[in-house]
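The following exercises are to be worked with the sequence and the three-dimensional structure at hand. Each task is followed by a solution that proceeds step by step.

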Amino acid sequence: MRMVFRWFGAGNDSVSLAHIRQIPGVEGIVWALHDIPPGEVWPLSRIMEVKEQAEQHQFHIDVVESVNVHEDIKLGLPTRDRYIEAYKQTIKHLAKAGVKVICYNFMPVFDWVRTDLYKKLEDGSTALFYEKKEVDEMNPKGLVETIASNKTFTMPGWEPERLASLKTLFEAYEHVSTEDLWDHLHYFLQEVIPVAEACDIKMAIHPDDPPWPIFGLPRIVTNHDNIRRLLKLVDHPTNGITLCSGALGADPNNQVPEMIREFADRIPFAHIRNIKRFDNGDFVETSHREQDGSIDIVSIVKAYHEVGFTGYVRPDHGRHIWDEQCRPGYGLYDRALGIMYLWGIWDSVQNGQRMHDLTAK
């Protein structure tokens, strides 16, 4: 596996490239132009600026997360073709910079959803937390205010320009069923996959986080069957998934190791993180260590090793530890610890296989 690290850009991240460079085994950054609104073309000059910044620290920029999909595309409006054409042009610009994978999502209105950005844990650290009862009972506007309260850094998936028209967006989705959203995703993929293929870029959709409907909005990338359906919409190696153990793992019925084995050749990018689930539907993000949460991290890493995974992987959300002042879920320290935990599992499996092969001889 090829280890990468999410970085939000100069002046928009508490973590520097110099610090990331000191984490063993990290070869590239996962990045985006977070100030470009969904639907606009990413300028090639801006892309090259990031490439130059990364290369100064011996990093590649192979993975982009995310090129966000404009809401008109998800809604299936007549204006979607204009935004799809802009998306295609961005793909072409990214290819000129050597990008290999585009992570994106198709979640209506909201990207990831949490109710507390700094939930205090027993050890004194804080982490992202999802309280089911609060989401079930709160007005969506209240959720926006919670996320918007973090004014230090941009919050991907929660762009102020889009959320300013929240009422209008919800009204638009009143007429969009789950099957409609599948149709709109199919239309989008039919348009962009040929361009991505020509550019040697893999499209890797991120599962819905959490993997169930929020505020009555449809969500479709939620489980094993839905991923299988997604990959068949345009049955081509370019149409892939960002397999996120944390997003999918919020549903205890999702068996991530089984997904890895079935979809191995369609996973160009993976997020590995742990969460602790509660019987009432709540969950909180934890350290990557398997014993601290509900996700079978060891079996997940073993499954990637078993299928000969050579794609990109990053530690996903981490806790906020040692009084670090950072973007919610994206500090330096806990993600660095997570990387070393993942490498430890990987190296143990690798060495075990090596010993088995030597014994067999």
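**Exercise 1. A residue in strand 1**

Arg6 lies in strand 1, which spans residues 2-6. The model is a predicted one. Determine whether Arg6 is buried or exposed, and state which side chain it joins in a polar contact.

*Solution.*
Step 1. The relative accessibility of Arg6 is 7%.
Step 2. Buried means under 20% relative accessible area. Arg6 therefore counts as buried.
Step 3. The side chain of Arg6 is joined to that of Tyr330 by a polar contact of 3.0 Å.

**Exercise 2. A residue in the loop after strand 4**

Locate Asp111 in the chain, classify its burial, and identify its side-chain partner in a polar contact.

*Solution.*
Step 1. Asp111 is placed in the loop between strand 4 and strand 5.
Step 2. With a relative accessible area of 13%, Asp111 is buried.
Step 3. The side chains of Asp111 and Asn105 are joined by a polar contact of 3.1 Å.

**Exercise 3. A residue in helix 9**

Describe the surroundings of Glu197: its element, its accessibility and its contacts.

*Solution.*
Step 1. Glu197 belongs to helix 9, residues 178-198.
Step 2. The relative accessible area of Glu197 is 44%. Since partly exposed covers the range between the cut-offs of 20% and 50%, Glu197 is partly exposed.
Step 3. Leaving aside residues up to four places away in sequence, Glu197 touches His236 and Thr238.
Step 4. With His236 there is also a side-chain to side-chain polar contact, at 3.2 Å.
Step 5. For a separation across the model, take Arg2: Glu197 and Arg2 are 195 residues apart along the chain, and their C-alpha atoms are separated by 21 Å.

**Exercise 4. The pairing of strand 7**

In which sense does strand 7 run with strand 4, and in which sense does it pair with strand 8?

*Solution.*
Step 1. Strand 4 (residues 101-104) and strand 7 (residues 202-205) are joined by 4 bridges and run parallel.
Step 2. Within this pair, Cys103 has Ala204 of strand 7 as its bridge partner.
Step 3. Strand 7 and strand 8 (residues 239-244) pair over 3 bridges, in the parallel sense.
Step 4. In this second pair, Ile205 stands opposite Ile241 of strand 8.

**Exercise 5. An open sheet of four strands**

Give the strand order of the open sheet, name its edge strands, and follow the bridges across it from strand 5 to strand 10.

*Solution.*
Step 1. The 4 strands are in the order 5-6-11-10, and their pairing is antiparallel.
Step 2. Strand 5 (116-120) and strand 10 (275-277) are the edge strands, each pairing on one side only.
Step 3. Strand 5 and strand 6 are joined by 3 bridges, and Asp116 has Phe129 of strand 6 as its bridge partner.
Step 4. The hairpin of these two strands has 5 residues between them, and there Gly124 takes a positive phi near 95°.
Step 5. Strand 6 (residues 126-130) is mostly covered, with 5 of its 5 residues buried.
Step 6. Strand 6 is joined to strand 11 by 2 bridges, and Tyr130 has Phe283 of strand 11 as its bridge partner.
Step 7. Strand 10 and strand 11 (residues 283-285) are joined by 3 bridges. Arg277 stands opposite Phe283.

**Exercise 6. The packing of helix 12 and helix 13**

Is helix 12 roughly parallel or roughly antiparallel to helix 13, and which residues make the contact?

*Solution.*
Step 1. The axes of helix 12 (residues 256-263) and helix 13 (residues 297-306) come within 8 Å and cross at roughly 10°.
Step 2. Because of this angle, helix 12 is roughly parallel to helix 13; the cut-off for that class is under 35 degrees.
Step 3. Helix 12 contributes Val256, Pro257, Ile260 and Arg261 to the contact, and helix 13 contributes Ser299, Ile300, Ala303, Tyr304 and Glu306.
Step 4. By class, the contact has 6 nonpolar, 1 polar and 2 charged residues.
Step 5. The buried residues of helix 13 are Ile297, Ile300, Val301, Ala303, Tyr304 and His305.
Step 6. After helix 13 comes Gly308, with a positive phi near 70°.

Technical notes
Residues numbered from 1 in each chain as written. Predicted model: local features only at pLDDT ≥ 70, side-chain atom pairs only at ≥ 80, totals over all residues. Heavy atoms only, no water. Axes fitted to C-alpha atoms, helices over the stretch in contact; angles between N-to-C directions. Parallel < 35°, antiparallel > 145°, perpendicular 65-115°, else oblique. Contact = heavy atoms within 4.5 Å. Nonpolar A, V, L, I, M, F, W, Y, C, P; charged D, E, K, R; others polar. Buried < 20%, exposed > 50% of the residue type's maximum accessible area, 1.4 Å probe, protein only. Polar contact = N/O pair within 3.5 Å; in protein donor to acceptor, adjacent residues only side chain to side chain. Pairing = 2+ DSSP bridges.
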